[in-house]
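The following exercises ask the reader to work through one structure residue by residue. Each task is followed by a worked solution.

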Amino acid sequence: MQRSIKSSKELGAQIKRRRQELGLTIEEAASKAGVGTKTWFRYEDGESIRKDKFKGVCRALNWKNLPEYQAEEDLQFCLEEYTKHKAWSQYIQNQFGDLAAISFVIGSDLLLDWLQEDLAGLASMPKGSHLGQLEFSCLAPSLPKQFFMQYDYDFLYRLRATVLRLRQSAHKGALEAKSVLDELALYLISEQSQDAIECMASSLESAGIPYDSEWKNWVFDFLGDMDLMICLYDDAYLTNDHIYHFEHWPEKQFWKESSI
């Protein structure tokens, strides 16, 4: 079973025409669909659409389905497709369930896509430019606000490396969170997958995987607390000596590590 829906120039033109009918910019449509602007450009150019992004595109365009795409059997959920992914984690599946493991695959893919797009944007700007200076970023709204001007090329590159390391270790049967950056990467992975998982709820149920909204808590169950949210997302002001201050994000401060 294919993991993407084959597109065409005709479908790409229909997507573009529908977006324009709705009065949406590419940035707005991409944001509603949960993809990057470059990815949306590719859709309008006729490139294939990944199945975990299919319903996001339909949601952005107020479509029940893609025009002339009625092959429902191709949209059926297949867990095996995810277990073969290089980010699949048997540890996460065993400890937190199928939905958590699926979200790790989807969320890390999406996060890496968005990081790559933002890195490309910053690479064309003067040294020291930050995320807020980009015309559009899918990732920006999900990052802690206090340190927004710190999110430069170097930070995004380091975050990308952290995501890749977490994927590699999780796939091998271990997962660790020894720094704030590790915790943040895990949280972002989970958050980026939420819309996709919710869109897949019915197909998951049909495949025998019960949908329970509590799956979203798996990251905090792993971490053992919600300090990340309390310190970074509750609008508190952090001084330089606080362990969750940006200056300390890369430091190894915690010792949360588990394996199969």
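**Exercise 1. A salt bridge and its surroundings**

At 46% relative accessibility, Glu 80 counts as partly exposed, because buried means under 20% relative accessible area, exposed over 50%, and partly exposed in between (1.4 Å probe, protein chains only). The model is predicted: local features need pLDDT of at least 70, side-chain atom pairs count only at pLDDT 80 or more, and totals for chains, interfaces and linings use all residues. Residues are numbered from 1 along each chain as its sequence is written, and side-chain values use heavy atoms, with hydrogens and water left out.

Task: Determine which side chain meets that of Glu 80 in a salt bridge.

Solution.
- Step 1. A salt bridge is a side-chain nitrogen of Lys or Arg within 4 Å of a carboxyl oxygen of Asp or Glu.
- Step 2. Lys 84 is the partner of Glu 80, at 3.1 Å from N to O.
- Step 3. Lys 84 has a relative accessibility of 63% and counts as exposed.
- Step 4. The backbone oxygen of Glu 80 is reached by the side chain of Thr 83 at 2.9 Å. This is a polar contact, that is, a pair of N or O atoms within 3.5 Å; within protein, one must be able to donate a hydrogen and the other to accept it, and residues adjacent in sequence count only if both atoms are side-chain atoms.
- Step 5. Thr 83 belongs to helix α5 (residues 79–83); helices (H or I, at least four residues) and strands (E, at least two) are DSSP runs, numbered from the N terminus. Thr 83 is partly exposed, at 31% relative accessibility.

**Exercise 2. Salt bridges between parts of the chain**

Task: State how many salt bridges the rule gives, and locate the pair formed by Asp 45 and Lys 9.

Solution.
- Step 1. Side chains of opposite charge can pair when their charged atoms come close.
- Step 2. The count comes to ten salt bridges.
- Step 3. In one of them, Asp 45 pairs with Lys 9, and the closest N and O atoms are 3.2 Å apart. Asp 45 lies in the loop between α3 (37–44) and β2 (49–50), whereas Lys 9 lies in helix α1 (residues 9–21), so the pair ties together parts that are 36 residues apart in sequence.
- Step 4. Asp 45 is partly exposed at 43% relative accessibility, and Lys 9 is exposed, with a relative accessible area of 58%.
- Step 5. Arg 165 and Glu 176 also meet in a salt bridge (3.2 Å, N to O). Since Arg 165 is in helix α8 and Glu 176 in strand β3, this pair ties together parts that are eleven residues apart in sequence.
- Step 6. A network of salt bridges links Arg 165, Glu 176, Lys 178 and Asp 182.

**Exercise 3. A buried acidic residue**

Task: Which side chain makes a polar contact with that of Asp 118, and where is Asp 118 placed?

Solution.
- Step 1. Asp 118 sits in helix α7 (residues 98–123), where 21 of the 26 residues are buried.
- Step 2. Asp 118 is buried yet has no salt bridge, and the nearest side chain of opposite charge, Lys 38, is 8.7 Å away. For charge, Lys and Arg count as positive and Asp and Glu as negative; His and the chain ends are not counted.
- Step 3. The partner in the polar contact is the side chain of Ser 137, at 2.8 Å.
- Step 4. Contact means heavy atoms within 4.5 Å. Not counting residues up to four places away in sequence, Asp 118 touches residues including Leu 131, Leu 134 and Leu 156.

**Exercise 4. The nonpolar core**

Task: Which helix supplies the largest share of the largest nonpolar core?

Solution.
- Step 1. A nonpolar core is a set of buried Ala, Val, Leu, Ile, Met, Phe, Trp, Tyr and Cys residues joined through side-chain atoms within 4.5 Å.
- Step 2. The largest such core has 62 residues, and those with the most contacts inside it include Ile 92, Phe 155 and Trp 249.
- Step 3. Elements that each supply at least two residues of this core include α6 (90–96), α7, α8 (153–171) and α9 (180–199).
- Step 4. The largest share, 13 residues, comes from α7.
- Step 5. Another core, of 18 residues, lies apart from it, with Leu 11 and Val 35 among its members.
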